[in-house]
Amino acid sequence: MFQSFFPKPKLFFISFALWAIACVLGWYLIAQDLGASLSLGSLFGINFPEALTESADAAAQAVFASAQNTALDVWLYQYMILCYGLFVGAWTIYGGQKWAKWSVSGFALIVFITWFQVQVSVMLNEWYGSFYDLIQKALGDPNSILLADYYAELSTVAVIILVAITVSVLSNFFISHYVFRWRTAMTSYYSSKWDKVRHIEGASQRIQEDTMRFASIVEGLGVSLLRSVMTLIAFLPILWGLSGYVKELPLIGEVPQALVFTAIMWSVFGTLLLTLAGIKLPGLEFKNQRVEAAYRKELVYGEDHADRADPITLNELFDNVRKNYFRLYANYLYFNIVRYGYLNVGQFVPLIVLAPSIIAGAFTLGVMQRVMNAFNQVENSFQYLINSWTTIVELLSIYKRLKAFEMAINENEAKLDLDSSSTH
């Protein structure tokens, strides 16, 4: 499943995780302070501003902060290009695998795109704060702002959304090709072993269907996991800072960093709840594919052999299919009750948490929107398992089938090697 596409899969993914952690720590501990001397932004007129004097007014401080952030962003992209280049170059050379250029470079590009989309979410969160403060000012003091100011604020988000849409469209196009290459690698490997597995029930389905679904689901879940981790890295500090506006929680009272505490506790509660409710689903999905494969195989034999696929046999096989589906439906019934109940109640958790602060008028409408958005981003990241549970169940079922398929290949190869050695 992985070795056909990725070079030395275990080492590759472990090295990526360790390298990513090292690069993130390197940025915050060392690299970001070196931008003034190492950044190439000056070639394009983007320089780090000179330090302000203590007597600088608010307008000067705002200009300084804007220039500093722009220069730091440009330096960050240069740092990331260096980190990506070292990782991709090393694995492309060291991996020595047929599909290494696609798997390594494509994987790195998908990770970067995911990070960029998270940054777009951060920019939108900041924009919502400014925009709703503008609305509050307009509603509280009629005609205090100009219509041009209102449209100017809307035009800034139009640029952000245009970039986000472009990146999303190109990303989906690239990922489609990436997944198909992975499927091609798996199909090529399994097809080369066809003589050893053609007798296995559902062998054709493993090669034709499961390879496609496995590559697609793993890619989707992997990107979702990366996005969740990156969103936490981006929004936890924001939520941590915004927690200063919320001094106490309903029924509990004062809690340090109340927003972060609530997001974590609510998400952990939901994860444990959904895990218990859906614990039987992977096994039932796996068994469901087995009974479906047995039924389909008998039908296929019946196309070529008159003595196969008689009504009695088909009824018995379909009865197994029906029983398993009914068990699956029953399990999904109470799983979905728990899942949708939790998710719908979760929509109101931020409003409940913010109730004392809203009544006390502790913040503006813009700050409230930033709090709501940041809370939802962090909460959704912690709820990765909840949001992906049904897909994970499907993936586990496919993985079990392909793993059993590969075990049969290995057993047949070992048997052939043993027969060959005994002959000699």
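Student: In which hand does helix 1 pass helix 3?

Tutor: Their crossing is right-handed, meaning that the near helix is turned clockwise from the far one by less than a right angle (anticlockwise would be left-handed). Helices here are DSSP runs of H or I with at least four residues, numbered from the N terminus. The model is predicted, with local features needing pLDDT of at least 70, side-chain atom pairs 80 or more, and totals for chains, interfaces and linings using all residues. Residues count from 1 along each chain, and side-chain values use heavy atoms, without hydrogens or water.

Student: At what angle do helix 1 and helix 3 pack?

Tutor: Two packed helices are described by the angle and the distance between their axes. Helix 1 (residues 9-29) meets helix 3 (residues 58-95) at about 155°, with axes 11 Å apart; axes are lines fitted to C-alpha atoms over the stretch in contact, and angles run from 0 to 180 degrees between N-to-C directions. Helix 1 is therefore roughly antiparallel to helix 3 (over 145 degrees).

Student: Which residues of helix 1 and helix 3 meet?

Tutor: Among them are Phe 12, Phe 16 and Trp 19 in helix 1, and Trp 75, Leu 76 and Tyr 79 in helix 3, where contact means heavy atoms within 4.5 Å. The contact residues divide into 15 nonpolar, 2 polar and no charged.

Student: How far apart are the axes of helix 4 and helix 12?

Tutor: Those axes lie 6 Å apart, at an angle of about 155°, which means helix 4 is roughly antiparallel to helix 12. Their crossing is right-handed. The contact includes Gly 129 and Tyr 132 of helix 4 and Gly 366 and Asn 373 of helix 12.

Conventions: Helices (H or I, at least four residues) and strands (E, at least two) are DSSP runs, numbered from the N terminus. Angles under 35 degrees count as roughly parallel, over 145 as roughly antiparallel, 65 to 115 as roughly perpendicular and the rest as oblique. Ala, Val, Leu, Ile, Met, Phe, Trp, Tyr, Cys and Pro count as nonpolar, Asp, Glu, Lys and Arg as charged, and the others, Gly among them, as polar.
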